Amino acid sequence: MRTAVCSGSFDPVTKGHIDIIKRSAGLVDKLIVAVFINPNKQPLFTIEERVALLAEATRDIPNVEVDSFSGLLNEYVRSRGARLIIRGLRAFSDFEYEFQRALLIKSIDPDIETAFFMTRGEYSYLSSSGVRELARFGGKVTHLVPPCVEQALAAKMNRLQKETEE
Ligand code: ADP
């Protein structure tokens, strides 16, 4: 069975991520979408929220499993019986970071491969950080994220607003 791991922060998952997930899931038997627990980042959504949103947003793709992991990606990939990492590529800015990451992983674990999917033109400008910023200032995100994420963003912004007022 060919298993691949699509890793990322997914804070929150966007339509750009979903496009990469759908396209790569179509080429493997099983795609594990793995949310990285990054101790150095203060996310907007908790790990549990990000996993739940991804599970909801990928519910109609039968061979996708959502999970989370901490530590080294190559070790997680091995622990799941996979050898293939899937990442998305947007503009040049992604390239340098992804190139470095892929080579670093290769330097410690030569058997693990990283494959890249080029973003669809309409999502080339789309990032989780951009979505967070739009939502924070009340901008419309309907065309950028799955409906469950749009709702979760509205609820989160409401809660944050209430907390600052208290
Ligand atoms: P990370 O913090 O690991 O970069 P992200 O959640 O930001 O996590 O991104 C996960 C993966 O999805 C990365 O490979 C990133 O390049 C890719 N990605 C993010 N947004 C898009 C998009 N709009 N189109 C294609 N790929 C994307």
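Modeller: In what follows, helices (H or I, at least four residues) and strands (E, at least two) are DSSP runs, numbered from the N terminus. The model is a predicted one, in which local features need pLDDT of at least 70 and side-chain atom pairs count only at pLDDT 80 or more, while totals for chains, interfaces and linings use all residues. Residues are numbered from 1 along each chain as its sequence is written, and side-chain values use heavy atoms, with hydrogens and water left out.

Colleague: Which residues come nearest to the ligand, and what makes a residue count as near?

Modeller: A residue is near if one of its heavy atoms lies within 4 Å of the molecule. There are 16 residues around the ligand, of which Ser9, Phe10, Gly88, Thr119 and Tyr123 come nearest.

Colleague: What makes the pairing of Arg87 with the ligand a polar contact?

Modeller: A polar side-chain atom of Arg87 lies 3.1 Å from an oxygen atom of the ligand, and a polar contact is a pair of N or O atoms within 3.5 Å, so this pair qualifies. Arg90 qualifies too, because an N or O atom in its side chain is 3.3 Å from a nitrogen atom of the ligand. At Leu126 the partner is a polar backbone atom, 2.9 Å from a nitrogen atom of the ligand. Around these contacts, the protein covers 89% of the 550 Å² of accessible area that the ligand has on its own (Shrake-Rupley method, 1.4 Å probe).

Colleague: Which pocket does the ligand take up, and what makes a space a pocket?

Modeller: The ligand takes up the largest pocket; on a 1 Å grid over the protein atoms alone, a pocket is an open set with protein on both sides within 12 Å along at least five of seven lines. Strand E1 (3–8), helix H1 (15–25), strand E4 (84–89) and helix H4 (92–108) each give two or more residues to the shell around the ligand, and the largest share, three residues, comes from H1.

Colleague: What is the volume of the largest pocket, and which residues are closest to its centre?

Modeller: The volume is about 1100 Å³. Among the 43 lining residues, Gly8, Ser9, Arg87, Tyr97 and Glu98 are the closest to the centre. The largest share of the lining, eight residues, comes from H4.

Colleague: How do you know that the other space is called a cavity, and which residues line it?

Modeller: In a cavity a 1.4 Å probe fits but cannot get out, and the structure holds one of 30 Å³ or more. About 40 Å³ of space lies in the largest cavity, which is lined by Leu73, Ile85, Arg87, Glu98, Arg101, Ala102, Ile105, Thr114 and Phe116. The elements giving two or more residues to this lining are E4, H4 and strand E5 (113–118), with H4 giving the most, four residues.

Colleague: Which backbone features stand out in the loop between E1 and H1?

Modeller: Pro12 has its place in that loop, and the peptide bond from Asp11 to Pro12 is cis, with omega near 0°. Phe10 is found in the loop between E1 and H1 as well, and its phi is near 50°, a positive value in a residue other than glycine. Most residues other than glycine have a negative phi, and most peptide bonds are trans, which is why such features are worth pointing out.

How values were computed: A polar contact is a pair of N or O atoms within 3.5 Å; within protein, one must be able to donate a hydrogen and the other to accept it, and residues adjacent in sequence count only if both atoms are side-chain atoms. On a 1 Å grid over the protein atoms alone, a cavity is a set of points where a 1.4 Å probe fits but cannot get out, and a pocket is an open set with protein on both sides within 12 Å along at least five of seven lines; lining residues have an atom within 4 Å of a point. A molecule sits in a cavity or pocket if more than half of its atoms lie within 2 Å of its grid points. Grid points are joined across faces, edges and corners, and a volume is the space filled by probe spheres set on the points.
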